[in-house]
Amino acid sequence: MSFKAIRLSASVLALSAFCYIGSASAVPLLCRDATVDHMYVDTSQVSSCLGGGSGNINGNPQTDRFLTGMGADSGLVNIGSGSFTQSGTTGTFSLDASLWQTWDEIAVGFKFGTGNKPDEWFVFLLNPLVSTGNWEFVNVFGRGGGLSHIQLYGRSAPANVPEPGTLALLGVGLLGAGLARRRKQA
């Protein structure tokens, strides 16, 4: 197979992969059971719901069941608060985008005033580099419901160490490139 054909095949494969990924649509991500107070944030902004519950959420591992429920090794630490708007049961959130220069992962916690009726706080893991988004709160118990504050949590990822399989794949690729060059020169 000629180098031109290989390059054309690789280009077509990359383009089709891009089109497949680009066509994925975002959907609301439910945080908690739909039979109790719950909330949604779009999957274009968050990757998962880390937890929800009753009580306060203020970044203190002694009082935040979210932090203690994840275990002392969760690596999440309080990194401050975010901004929000609210109109009825929906609104927006935002955080300082420069936080992504310090933290590998950022989670956003929403604290609602519901008179200690479950659930009133929810924590979502943000997608990389997301600094704004929309939220929707579903107040099943009909008590309060105003967003009190947004708490931010950060986690630094451990240093990336290449896996043996990745190194082997890199080695095979370099070997193939060297053989192709040698064959071309001969």
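Let us start with one pair of strands: β4, residues 77-81, lies antiparallel to β10, and four bridges link the two. Within this pairing, V77 sits opposite G154 of β10. Please keep in mind as you look around that this is a predicted model.

Stay with β10 for a moment. This strand also pairs with β7, again in the antiparallel sense, and here nine bridges join the two. One place to look is K111, whose bridge partner in β10 is H149. Is β10 enclosed or open to the outside? Seven of its 10 residues are buried, so β10 is largely enclosed by the rest of the structure. If you wonder what holds paired strands to each other, the general answer is that the strands of a sheet pair through backbone hydrogen bonds, in either a parallel or an antiparallel way.

Now step back to the whole chain. The model contains three helices and 10 strands. Reading from the N terminus, the elements follow the order α-β-β-β-α-β-β-β-β-β-β-β-α. The chain has 186 residues, and 31% of them count as buried. Its accessible surface comes to about 11400 Å², with 59% of that belonging to carbon and sulfur atoms. How do parts of the chain that lie apart in sequence meet? Among contacts between residues at least 6 apart in sequence, 71% join residues at least 24 apart.

Next, find the open sheet. Five strands build it, in the order β1-β2-β9-β6-β5, with antiparallel pairing. The strands at the edges are β1 (28-31) and β5 (83-87); each has a single partner strand, so one side of each is left without a neighbour in the sheet. From one strand to the next, the twist averages 25°. Inside this sheet, β2 (residues 38-42) and β9 (residues 132-138) run antiparallel and are paired over four bridges. To see one of the matched positions, look at Y40, which has E136 as its bridge partner in β9. As you follow a strand with your eye, remember a general rule: in a regular strand, the side chains alternate between the two faces of the sheet.

What fills the inside? The largest nonpolar core has 24 residues, and M39, F110, F124, L126 and W135 are the ones that touch the most other members. Two or more residues each come from β1, β2, β7 (105-113), β8 (121-126), β9 and β10 (146-155). The largest share, four residues, is given by β7. Apart from this core lies another one, of seven residues, including I57, L76, V123 and L125.

The loops deserve a visit too. Q45 lies in the loop between β2 and β3 (46-53). Is Q45 buried or exposed? Its relative accessibility is 11%, and because the cut-off for buried is under 20%, Q45 counts as buried. Beyond its neighbours within four places in sequence, Q45 is in contact with F93, L126, N127, V130, T132, G133 and N134.

Two other loop residues have a backbone feature to look for. R32, in the loop between β1 and β2, has a positive phi of about 95° although it is not a glycine. R32 is partly exposed, with a relative accessible area of 37%. L129, found in the loop between β8 and β9, likewise is not a glycine but has a positive phi, of about 70°. With a relative accessible area of 66%, L129 is exposed.

Finally, how confident is the predictor? The average pLDDT of the chain is 76, and 67% of the residues score at least 70. Confidence is highest in strand β6 (residues 90-94), at a mean of 93, and lowest in helix α1 (residues 3-22), at a mean of 50. Over residues 17-23 the pLDDT is below 50, and this stretch has zero contacts in the model beyond near neighbours in sequence. Residues 68-73 also stay under 50, and for them the model has two contacts beyond four places in sequence.

Conventions. Residues numbered from 1 in each chain as written. Predicted model: local features only at pLDDT ≥ 70, side-chain atom pairs only at ≥ 80, totals over all residues. Heavy atoms only, no water. Pairing = 2+ DSSP bridges. Axes fitted to C-alpha atoms, helices over the stretch in contact; angles between N-to-C directions. pLDDT = per-residue confidence, 0-100. Contact = heavy atoms within 4.5 Å. Core = buried A, V, L, I, M, F, W, Y, C linked by side-chain atoms within 4.5 Å. Buried < 20%, exposed > 50% of the residue type's maximum accessible area, 1.4 Å probe, protein only. Areas by Shrake-Rupley, 256 points an atom, 1.4 Å probe, with all protein chains shown as cover.
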